[in-house]
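Subject: Structure handover

Hello,

Here is the structure I promised to pass on. Please open it next to this message and follow along.

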Amino acid sequence: MNMNKVIQSVTILLLIVLGLTSCASKTRNALPEQYSGKAKIAGMPQIKDFAGAHTDYYQEDFEESVRQHISSMPEGYNIEEDTMNILAISGGGANGAFGVGLLNGWDASGTTPTFSLVTGISTGALIAPFAFLGGEYDTEIGRLFTSVDSDDIFKRKSFFGILSSLIGSSDALADSEPLADLLTEHLDEKMLGEIAKAHSEGRRLLIATTNLDARKLTIWNMGAIASSGHPKALELFRSIILASCSMPVAFPAVYFDVEAGGQTYDEMHVDGGVVTEVFFYGNILNIDEAAKNLGIKRQGNDRIFIIRNNQIGARYEEVELDVLSIAGRALSSLTSTQGVGDLYRIYAVTQREGIEFNLASVPHDFKPNPKEAFDPVEMKRLYDLGYDMALNGYPWEKLPPFYHE
């Protein structure tokens, strides 16, 4: 190649980069470290806290949920004879179609319990509000996960858009506006009102995001948001789910305005899957302590049902000789291994708390063959697989992967 042409090409590229850099406009007013964990959403009561350690907020909220549940039941109800059922839905992207199919098949079998607690993270965060309410909402999320494609989830950026992201005037390689539009369409005031009603009866819906500055999992009390009466409650509700689905670099982070020390700042939140693939109350509260405070004798008949929207264990796959393929395979290996560790952590807590452990996952013999990130044909296959397995009585695993008593 002619050296002058090479120099010209490099010069043009540098001019483009410099021009884009000069147009960079994204700035932050990040929350200072001394306020980390103490900031609140403007006009809201406390609705979130960090995971990983005992919190007074969630301990008190759990105890209040039990009181609400008892008061909502008919006279003569004995909570000690009842079963607390928990549903935890993992991340997994398009593989969430498996979990949705399982939930729909479970409904069709007529054996789905009412869940006292539903948690969701990443794609599980999108599913969780629908699973929490059940009925027509389960049907709605079933239609959604069997009809969308990649264009309904994200918008691909042009070469210059990607270049802009790399040099700092944007924070992602794709635009998640289509997903935000889906959330606006499917999460409405009616749904928010029904979640608020369920919350008042003692049921809880929790969604997790990752606070990227603090590098900590943040658990949001979605029923408390729905019940707040705040004029922007629905907007906040949607934004939290969008944040939980926003894999960093691929999708833009979501910024929440918070107040601390008499000032307004922002917190940067991304996909909860950065920290964990699935969660439940875990170490943020102690159920035995709550029972003692409430004067209740636990009978050890509580259950957790975990839907892992992925396969357990690695499938052999020849990796293409390019940077993106290698990076993608390495990242998926990391998250898959982390996900198994999450299951062991949950199992340890269930043993401590006397909770029955139940696990569902995409069968190992399922051979994925997607043509795109959100392939509707592949998602329908996964949906049908989960549906049929649940309809016929899903064989819930009672132990974490590779564990033998």
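Below are my notes on helix packing, aromatic rings, charges over rings and one long-range approach. Please keep in mind that this is a predicted model.

Helix packing

Start with helix H3, residues 96–109, and helix H5, residues 136–145. They pack at an angle of about 145°. Their axes are 9 Å apart. The crossing of H3 past H5 is left-handed. From H3, the contact uses Gly96, Ala97, Val100, Asn104 and Asp107. From H5, it uses Asp138, Thr139, Ile141, Gly142 and Phe145. By type, the contact residues of H3 and H5 split into four nonpolar, four polar and two charged.

Aromatic rings

The structure has 15 aromatic pairs. One of them joins Trp106 and Phe305. The arrangement is edge-to-face, with 5.1 Å from centre to centre and 65° between the planes. Trp106 belongs to helix H3, while Phe305 is in strand S11, residues 302–311. The two are 199 residues apart, so look for distant parts of the chain being linked here. Trp106 and Phe305 are both buried.The pair of Tyr344 and Tyr403 is worth a look too. Its ring centres are 6.2 Å apart and its planes stand at 75°. Planes over 60 degrees apart count as edge-to-face, so this pair is edge-to-face. Tyr344 lies in helix H12, residues 323–353. Tyr403 lies in the segment after helix H13, residues 376–391. The pair therefore ties together parts that are 59 residues apart in sequence. Are these two rings buried, partly exposed or exposed? Tyr344 has 30% relative accessibility, so it counts as partly exposed. Tyr403 has a relative accessible area of 33% and is partly exposed as well.

There is also an aromatic cluster. Its members are Trp106, Phe115, Phe305, Tyr394 and Trp396.

Charges over rings

Which ring does the charged end of Lys48 sit over? It is the ring of Trp220, with the charged end 5.8 Å from the ring centre. The charged end of Arg203 sits over the ring of Phe132. There the distance to the ring centre is 4.2 Å.

A long-range approach

Last, find Glu60 in helix H2, residues 56–72. Glu60 is exposed, at a relative accessible area of 53%. In sequence, Glu60 and Ala290 are 230 residues apart. In space, their C-alpha atoms are 8.3 Å apart.

Best wishes

Key: Residues numbered from 1 in each chain as written. Predicted model: local features only at pLDDT ≥ 70, side-chain atom pairs only at ≥ 80, totals over all residues. Heavy atoms only, no water. Axes fitted to C-alpha atoms, helices over the stretch in contact; angles between N-to-C directions. Helix = DSSP H or I, 4+ residues; strand = E, 2+ residues; numbered from the N terminus. Left-handed = near helix turned anticlockwise from the far one by under 90°. Contact = heavy atoms within 4.5 Å. Nonpolar A, V, L, I, M, F, W, Y, C, P; charged D, E, K, R; others polar. Phe/Tyr/Trp six-rings, centres within 6.5 Å; stacked < 30°, edge-to-face > 60°. Buried < 20%, exposed > 50% of the residue type's maximum accessible area, 1.4 Å probe, protein only. Lys NZ or Arg CZ within 6 Å of the ring centre and 35° of its normal.
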